[in-house]
Amino acid sequence: MKYCIILLISLSSLISCQIKNSNEVNIYSQRHYEVDKIQYKNFEKLTGIKVNVIKAGADELLERLINEGKNSPADLFVTVDAGKLQKGVGVGVFQKIDNNIINSNVSNDLKDLNGYWIPITYRARLLVYSNDRVSKSDLSTYEDLANPKWRNRLLVRSSSNAYNQALMSSLYANLGKKAAIDWSTNVVANFARDPKGNDRDQVKAIAAGQGDIAIVNSYYIGLLLSSEKQSEVDAGKAVSIFFPNQGNNERGTHINISGFAMTKNAPNKENAIKLLEYLTGIEAQSTYVNNGYEYPANPNVLPSKIVQSWGGFKRDTLDLNALGFFRNEAIKVFDQTGWK
Ligand code: FE
């Protein structure tokens, strides 16, 4: 009898432990957008699987994965930069994701060729310009931002930001070292002010007359235009969108992805797969585009109305892993050319 009770207790604790493990998924997230909360709530409602999120910078989270090793509770790592995903692959903290549903949900040209990460959305790092002081015909390419005609007119955030580092990585990969250095030198000479603030602040600065054109991520314009603050709506309305490098012989506008990777020792792998199936599916993709204004990784979903109104564009088809491979070189270019 005594042994039976002990056996029963240990069996039930084993079962409850398994239930506990199988009913959650743990994410290390660098993303900082409200839409993610909606997504994880919806997934929890649908599946009963609890989504736990720990937020920090991408480098910090990768460091944590390295230090925790096999004991890491994390199942998934999500970031807004293919460069950081490539970095994670390089330090060996991920495992490949091989799942037909997920793979067929997302566009081939946004995928990791090696199968280590999955894109959920993408964004263009594009140009916005003052409706009052710039005409569309003045704009053409990223390269043209080095033109002296933009002296004291260009606004952009600091080079410590991953969005700018990814852009510079793309220029370095596409044009080579010398062109990247020359470009950065001349772009810095065109700054309207020392880099400060985030992407939204550059748009607000145009609206306030502190500069005429800015380099920003596409979705921030959608977020400004749909903001509850009238000042943000006004800032969004003061500018227009321009997709650079769209000419016939040009490579297209630089994009980056938001993407997930599975950690090497994911303790809740099945749940993580379920979450990725959900997030790349039609319902969640619509939630991303209509609340966060990024572009969908699933080609069967349309961007939000606001984003559609900008028209389509040609994307730079550079292997997105290059945004990681050239990262250190990009940072050196910034340091060498005085981009603060
Ligand atoms: Fe952002």
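## A cluster of rings

Let's start with some aromatic side chains: Y122, F243, Y295 and F313 are joined into a cluster by ring pairs. Keep in mind that we're looking at a predicted model here. One member of that cluster, Y122, also has a charged neighbour: R315 sits over the face of the Y122 ring, 4.5 Å from the ring centre.

## Pairs that bridge the chain

How many aromatic pairs does a search of the whole structure find? It turns up 11. One of them is formed by Y33 and Y219, with 5.4 Å from centre to centre and 75° between the planes, so it counts as edge-to-face, a label for planes over 60 degrees apart. In sequence, these two partners are 186 residues apart. Y33 is in the loop between β1 (24–29) and α2 (34–47), while Y219 belongs to helix α9 (residues 218–225). Are they buried or exposed? Both Y33 and Y219 are buried.

Now take a look at F43 and Y278. Their ring centres are 5.8 Å apart and their planes meet at 45°, so this pair is tilted. F43 is in helix α2 and Y278 is in helix α11 (residues 269–280), so the pair ties together parts of the chain that are 235 residues apart in sequence. F43 is buried, with a relative accessible area of 1%. Y278 is buried too, with a relative accessible area of 10%.

## The iron site

Which residues hand their atoms to the iron ion as protein donors? They are Y33, Y163, Y219 and Y220, each through its OH atom, and they lie 2.0 to 2.1 Å from the iron ion. So Y33 and Y219, the edge-to-face pair from before, turn up again as iron donors. If you walk along the chain, the donors follow the spacing Y-x129-Y-x55-Y-Y. That brings distant parts of the chain together: Y33, in the loop between β1 and α2, and Y220, in helix α9, are 187 residues apart.

Why is the arrangement around the iron ion irregular? The 4 donor atoms subtend angles of 83 to 138°. To count as tetrahedral, all the angles would have to lie between 85 and 135 degrees, so the range of 83 to 138° doesn't fit and the arrangement is irregular. For background, the ideal angle for four tetrahedral donors at a metal is 109.5 degrees.

As for burial, the cut-off is under 20% relative accessible area. Y33 has 10% relative accessibility, so it counts as buried. Y220, at 5%, counts as buried as well.

Notes: Residues numbered from 1 in each chain as written. Predicted model: local features only at pLDDT ≥ 70, side-chain atom pairs only at ≥ 80, totals over all residues. Heavy atoms only, no water. Phe/Tyr/Trp six-rings, centres within 6.5 Å; stacked < 30°, edge-to-face > 60°. Helix = DSSP H or I, 4+ residues; strand = E, 2+ residues; numbered from the N terminus. Buried < 20%, exposed > 50% of the residue type's maximum accessible area, 1.4 Å probe, protein only. Lys NZ or Arg CZ within 6 Å of the ring centre and 35° of its normal. Donors = N, O, S within 2.8 Å, 3.2 Å for Na, K, Ca; no water. Tetrahedral: all angles 85-135°; square planar, octahedral: opposite > 155°, others 65-115°.
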